[in-house]
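Let's take a walk through this model together, starting from the inside and ending at the surface.

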Amino acid sequence: MEILLDHFKLDNGAYGGSQVWFRTAWMRLGGCAAQTACDICVFFAKHFGMEYLYPFYTGEIRKKEYVTFSNIMRPYLKPRMKGINTLDIYMDGFREYLSDTEKAAPEEEVKTRILMEGFSGERPAAEAEAAIVRQLEKGYPAACLVLHHEDPEMDDYVWHWFLINGYRCQETGSACSTAVTREAMQGKTGSQAEIRAVTYGAARWIDLERLWNTGREPKGGLVFFDLEKTCGKQK
């Protein structure tokens, strides 16, 4: 089983944005939450016609304009001493940006809006696997937060936000989709699952169970996105 979502490339060839381009030292160090929010806005502008979310959208995504956009996003998800270290802080800040942007957009452009739901990192890896599959099958990526991790090979993802836009697994006796749905609530995986992590302008496949079971506290988690049709703009 494999699910791959299309994302976007910038004019410099990067696969999605990167916080290392940002204009201030704080944003380069701790701008990962803002960067994932920027990528989500570009994704929904490009693939779902929500162009008002990304003010520079012309069909081509340019690095210079993307970096300017990160400055627009910064007040909503600005770096702080402990970072954007909870799902609620992330969702509250991003919701504020989405609300402000929707209010400023022409009425006729606002046909759908983004909804968000958190998924705690305390839940079993198999439940996370099942939830990620459901999310990707809808056609939307997920945002992932990893805090501490005991595995040195996960250092690039420690205290870091990134996107998940792909899933694949090797079957172990039964179809992966069956294993995911039937075994998830029993805390069993039933498959060798990998997710595709998008960050720093590139994508990488990572073993999901290895990533999820950090062996450390506190835990991070996932933010899932969905769309709903609107009956006009928010007031």
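The paragraphs below cover the core, then the salt bridges, then a charged patch.

This is a predicted model, in which local features need pLDDT of at least 70, side-chain atom pairs count only at pLDDT 80 or more, and totals for chains, interfaces and linings use all residues. Residues are numbered from 1 along each chain as its sequence is written, and side-chain values use heavy atoms, with hydrogens and water left out.

Start in the interior. The largest nonpolar core has 51 residues; such a core is a set of buried Ala, Val, Leu, Ile, Met, Phe, Trp, Tyr and Cys residues joined through side-chain atoms within 4.5 Å. Buried here means under 20% relative accessible area, exposed over 50%, and partly exposed in between (1.4 Å probe, protein chains only). F44, M73, Y90, F94, W161 and F225 have the most contacts inside this core. Helix α2 gives the most to the core, eleven residues.

Now look for salt bridges (a side-chain nitrogen of Lys or Arg within 4 Å of a carboxyl oxygen of Asp or Glu). The whole structure has ten. In one of them, R210 meets D151 at 2.6 Å, N to O. Because R210 lies in helix α7 and D151 in the loop between β3 and β4, the pair ties together parts that are 59 residues apart in sequence. D151 is buried, at 14% relative accessibility, while R210 is partly exposed, at 39%.

Finally, turn to the surface, where E51, E107, E108 and E109 gather in a patch of negative charge. Patch members have over 30% relative accessible area and no salt bridge, with like charges joined within 9 Å and nonpolar side chains (Val, Leu, Ile, Met, Phe, Trp, Tyr) within 5 Å. E51 is partly exposed, at 42% relative accessibility.

Technical notes. Areas by Shrake-Rupley, 256 points an atom, 1.4 Å probe, with all protein chains shown as cover. Lys, Arg positive; Asp, Glu negative; His and termini not counted. Charge placed at Lys NZ, Arg CZ, Asp CG, Glu CD. Helix = DSSP H or I, 4+ residues; strand = E, 2+ residues; numbered from the N terminus.
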